[in-house]
Amino acid sequence: MQLSEFVFDLPETAIAQRPVEPRDSARLLDTRDLSDHIFADLPDLLVPGDLVVVNSSRVRHARLQGRKIPTGGKVELMLLERSDSSWSAIVSPARRIRVGTRLEFGGVEAVVTENPVDGVVKVVFSDESRLEEIGTVPLPPYIKGELADPERYQTVYADVVGSAAAPTAGLHFTPALLERLERAGIQRAAVELHVGLGTFRPIATEDITDHVMHSEWCVVPPNTAEAIRRARSDGRRVIAVGTTVVRTLETFARDDGTVHAGESRTELFLKPGSSFRVVDGLVTNFHVPGSSLLVMLSAFMGDGWRSAYSTALERGYRFLSFGDAMYCERP
């Protein structure tokens with residue numbers, strides 16, 4: 001299958017630059033009949049007994065702005081992941097960064113321990129306990145400017161710091177909407193997938209089967225595995241909020257549609273022809289052309305994504321991280 005099948009023209013004017021207020025006033029397209037709603041209508045699109053699964057990962061303060069030692073030249077790190085005593089990070093500018101280069105961020109020193117590869121280095125910090133204090137929440141590169149309230153790039157239920165980017169489908173939920181879902185008999189459970197920046201990067205190979213998926217850490221807690229087991233036993237549906245939840249659940253899936261509890265890295269690339277053993281419905285945003293997220297959506301809902309996306313563009317829906325949402329089910 002060719003990458004060109006997942007590329008479409010996305011006008012810059014369709015890319016949302018700011019989140020709407022309140023969160024649940026974002027638009028929501030029901031792809032079953034291409035009807036227009038707002039996100040607050042979600043309880044009306046689901047049925048009592050549905051189990052909604054969210055990603056509780058919180059975005060870390062991954063953007064560090066500082067200087068080189070001793071030259072004073074400006075440098076920026078985007079923290080990706082910690083391994084042993086070092087961090088992998090995107091460095092900018094990468095020119096003249098080598099093993100042994102010393103950097104300073106708000107009084108915290110960092111030493112480069114591996115040369116840049118595709119702009120990514122390994123660094124060791126003198127005081128990791130201050131990284132959340134000296135860093136800021138990063139926004140996607142297509143977002144111009146800063147947010148007045150950085151919490152708008154966090155979900156209201158985020159509680160485990162670990163992501164370099166937000167699981168954006170969850171940004172539309174409010175505490176009041178979560179309460180309405182509960183009153184409607186719709187249950188909620190959580191998993192963790194710590195989102196890496198690779199999630200949003202376009203696929204670079206023309207044949208999508210040649211694409212190597214980025215690796216991310218994910219967790220299915222025992223109570224979530226049990227909630228899914230009960231839902232399956234009762235004949236109830238599992239609704240994923242976001243593609244990160246889909247990847248997590250399908251990584252830990254059993255053939256009977258349940259999942260086992262655990263934690264591990266996942267490189268699962270869901271593409272047309274992949275099986276979905278757990279997830280019945282999906283709430284998701286509108287994605288970047290040519291991305292693995294769009295390929296996954298095609299695998300989940302079939303060619304219906306094309307009419308959904310063309311309809312969204314025609315009707316002025318807002319795309320990407322701060323954009324609107326859609327609800328879809330497996331055919």
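The following dialogue discusses selected features of a predicted model.

Trainee: Where should a reader begin with the cysteines, and how many disulfides are found in the whole structure?

Mentor: A disulfide is a covalent bond between the sulfur atoms of two cysteines. In this predicted model, a search of the whole structure finds zero disulfides. Two cysteines can still be described by their surroundings. Cys218 has a relative accessibility of 0% and therefore counts as buried, since buried means under 20%. Cys328 is likewise buried, with a relative accessible area of 0%.

Trainee: How should one read a helix, taking H4 as the case, and what span should its 13 residues have?

Mentor: One may compare the expected length with the distance between the ends. Helix H4 covers residues 222-234, and at 1.5 Å a residue it should span 18 Å. The end C-alpha atoms of H4 are 18 Å apart, which agrees with that expectation.

Trainee: Which residues of H4 are buried, and which are exposed on the other side?

Mentor: The buried residues of H4 are Thr224, Ala225, Ala227, Ile228 and Ala231. They lie on the same side of H4, because they cover an arc of only 160° around the axis. Pro222, Asn223, Ser233 and Asp234 are exposed on the other side of H4.

Trainee: Against which elements do the buried residues of H4 pack, and what follows the helix?

Mentor: The packing partners are four strands and a helix, named here in turn: strand S3 (51-55), strand S12 (187-193), strand S13 (216-220), strand S14 (238-241) and helix H5 (243-251). After H4 comes Gly235, which has a positive phi near 75°.

Trainee: Helix H5 was among those partners. How many of its nine residues are buried?

Mentor: Eight of the nine residues of H5 are buried, so the helix is largely enclosed by the rest of the structure. The buried residues are Thr243, Thr244, Val245, Val246, Arg247, Thr248, Leu249 and Glu250.

Trainee: Turning to strands, which strands pair with S17, and in what sense, parallel or antiparallel?

Mentor: A strand may be read through its bridges to other strands. Strand S1 (residues 27-30) runs parallel to S17, and three bridges join them. Within this pairing, Leu29 has Met326 of S17 as its bridge partner. Strand S16 (residues 281-285) pairs with S17 in the antiparallel sense, over five bridges. Here Asn285 stands opposite Ala325 in S17.

Trainee: Why is S17 described as largely enclosed?

Mentor: Strand S17 comprises residues 325-329, and four of these five residues are buried, so the strand is largely enclosed by the rest of the structure.

Trainee: How does one examine a single residue such as Ser35, and which side chains make polar contacts with its side chain?

Mentor: One places the residue in its element, then lists its partners. Ser35 lies in strand S2, residues 35-38. Its side chain makes a polar contact of 2.6 Å with the side chain of Asp33. A polar contact of 2.8 Å also joins the side chains of Ser35 and His37. Beyond its neighbours within four places in sequence, Ser35 is in contact with Leu28, Leu29, Asp30, Arg315 and Tyr317.

Trainee: Is Lys74 buried or exposed, and which residues does it contact?

Mentor: Lys74 is in strand S6, residues 74-83. With a relative accessibility of 75%, Lys74 counts as exposed, because exposed means over 50%. Leaving aside neighbours within four places in sequence, Lys74 contacts Gly66, Arg67 and Pro93. Lys74 and Ser92 are 18 residues apart in sequence, and their C-alpha atoms are 8.8 Å apart in space.

Trainee: Which peptide bonds leading to Pro22 and Pro70 are cis, and where do these prolines lie?

Mentor: The omega angle is the value to read here. The bond joining Glu21 and Pro22 is cis, with omega about -10°, and Pro22 belongs to the segment before S1. The bond from Ile69 to Pro70 is also cis, with omega near 10°. Pro70 is in the loop between strand S5 (63-69) and S6.

Trainee: What is the phi of Arg96, and what is that of Leu320?

Mentor: Arg96 has a positive phi near 70°, although it is a residue other than glycine. Leu320 also has a positive phi near 70°. Arg96 lies in the loop between strand S7 (86-92) and strand S8 (102-105), and at 63% relative accessibility it counts as exposed. Leu320 lies in the loop between helix H7 (304-314) and S17, and at 6% relative accessibility it counts as buried.

Terms used:
Residues numbered from 1 in each chain as written. Predicted model: local features only at pLDDT ≥ 70, side-chain atom pairs only at ≥ 80, totals over all residues. Heavy atoms only, no water. Disulfide = S-S within 2.5 Å. Buried < 20%, exposed > 50% of the residue type's maximum accessible area, 1.4 Å probe, protein only. Helix = DSSP H or I, 4+ residues; strand = E, 2+ residues; numbered from the N terminus. Polar contact = N/O pair within 3.5 Å; in protein donor to acceptor, adjacent residues only side chain to side chain. Contact = heavy atoms within 4.5 Å. Expected span 1.5 Å × (residues − 1). Arc of directions from axis to C-beta. Pairing = 2+ DSSP bridges.
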